[in-house]
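This report describes the strand pairing, helix packing, pocket lining and cysteines of one protein model. The sequence and structure are shown first.

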Amino acid sequence: MSDDTPQHEGLEARIATAITPALTQMGYEIVRVMVQGKERPTVQIMADRADGSLINVEDCEAISHTVSAVLDVDDPFPGEWNLEVSSAGIDRPLTRTKDWVRFASQVATVELNMPQEGRRRFRGRILSADENEVCLKLDEGGEVTLPRGNIRRAKLVLTDELIAATAQPEPEDDGEGAPKKAPKRWRPPSERN
């Protein structure tokens with residue numbers, strides 16, 4: 001996981017590999033690729049802007065056109081398929097090391113492939129993370145360190161604290177209705193210069 005890309009398997013890995021170069025060139029990063037359904041599968045692409053700014057509808061539209069073109073050439077499906085493109089959202093999945101680090105101190109839920117300490121599901125505050133493991137302060141008390149390779153899925157929990165931490169600041173008004181400067185995306189203190 002040292003390249004800090006989401007880990008996919010099978011068809012999802014094939015799709016991620018096919019679309020990543022084009023999306024990277026456009027200034028986007030893949031957060032997650034998921035394929036659902038058998039008869040007429042739906043490909044769900046969750047993306048972020050590489051510069052950290054918020055993704056908008058126009059971004060999703062641009063990603064959709066590019067992914068459609070790439071997958072029409074790569075042709076991973078024998079028949080018809082659907083495409084859904086979205087931002088990762090506030091209660092986003094945690095698929096990359098930088099997401100875990102960025103949202104340290106926030107509450108997350110984690111589901112494991114194989115049980116650890118007799119359970120598969122954990123919920124707690126993110127204490128630390130690296131490419132190999134994640135440490136949580138559990139809601140019920142105590143701490144647990146989970147190997148990243150055993151994590152089936154993980155996501156942030158929507159809390160007031162998370163909403164406040166990810167909110168866009170209001171642009172400053174110069175009295176003429178025009179903002180003095182564009183809003184910036186909130187970054188934790190560890191990422192600020």
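Which strand gives the most to the lining of the largest pocket? In this predicted model, that strand is β8, with five residues.

**The largest pocket**

The volume of the largest pocket is about 890 Å³. Its lining comprises 30 residues, and the closest to the pocket centre are Gln7, Arg32, Ile151, Arg152 and Arg153. At least two lining residues each come from β1, β4 (107-116) and β8 (151-156).

**The three-stranded sheet and its helices**

Three strands form an open sheet in the order β1-β2-β3, and their pairing is mixed. Strands β1 (28-36) and β3 (82-87) are at the edges; each has a single partner strand, so one side of each lacks a neighbour in the sheet. On average, neighbouring strands in this sheet are turned by 20° against each other, direction ignored. Within the sheet, β1 pairs with β2 (residues 42-49) in the antiparallel sense, over eight bridges. Val33 is placed opposite Ile45 of β2.

Two helices lie across these strands. Helix α1 (residues 10-26) crosses β1 and β2, and runs at about 155° to β1. Helix α2 (residues 57-74) lies across β1, β2 and β3, at about 145° to β3.

**Two hairpins**

Strand β6 takes part in two antiparallel pairings, one with β5 and one with β7. The table sets out the three antiparallel pairs described in this report, each with a residue pair that faces across the strands.

| Strand pair | Bridges | Opposed residues |
|---|---|---|
| β1 and β2 | eight | Val33 and Ile45 |
| β5 and β6 | five | Gly124 and Leu138 |
| β6 and β7 | five | Lys137 and Glu143 |

In the sequence, β5 spans residues 119-129 and β6 residues 133-138, while β7 spans residues 143-147. The hairpin formed by β5 and β6 has three residues between its strands. The hairpin of β6 and β7 has four residues between the strands, and Gly141 in that turn has a positive phi of about 105°.

**Cysteines**

How many disulfides does the model contain? The count is zero under a criterion of two cysteine sulfur atoms within 2.5 Å. Are Cys60 and Cys135 buried or exposed? Cys60 has a relative accessibility of 15%, and therefore counts as buried, the limit being under 20%. Cys135 likewise counts as buried, because its relative accessibility is 12%.

Key. Residues numbered from 1 in each chain as written. Predicted model: local features only at pLDDT ≥ 70, side-chain atom pairs only at ≥ 80, totals over all residues. Heavy atoms only, no water. Buried < 20%, exposed > 50% of the residue type's maximum accessible area, 1.4 Å probe, protein only. Pairing = 2+ DSSP bridges. Axes fitted to C-alpha atoms, helices over the stretch in contact; angles between N-to-C directions. Contact = heavy atoms within 4.5 Å. 1 Å grid on protein atoms, 1.4 Å probe; cavity = no way out; pocket = protein on both sides within 12 Å on 5 of 7 lines; lining within 4 Å. Points joined across faces, edges and corners; volume = space filled by probe spheres on them.
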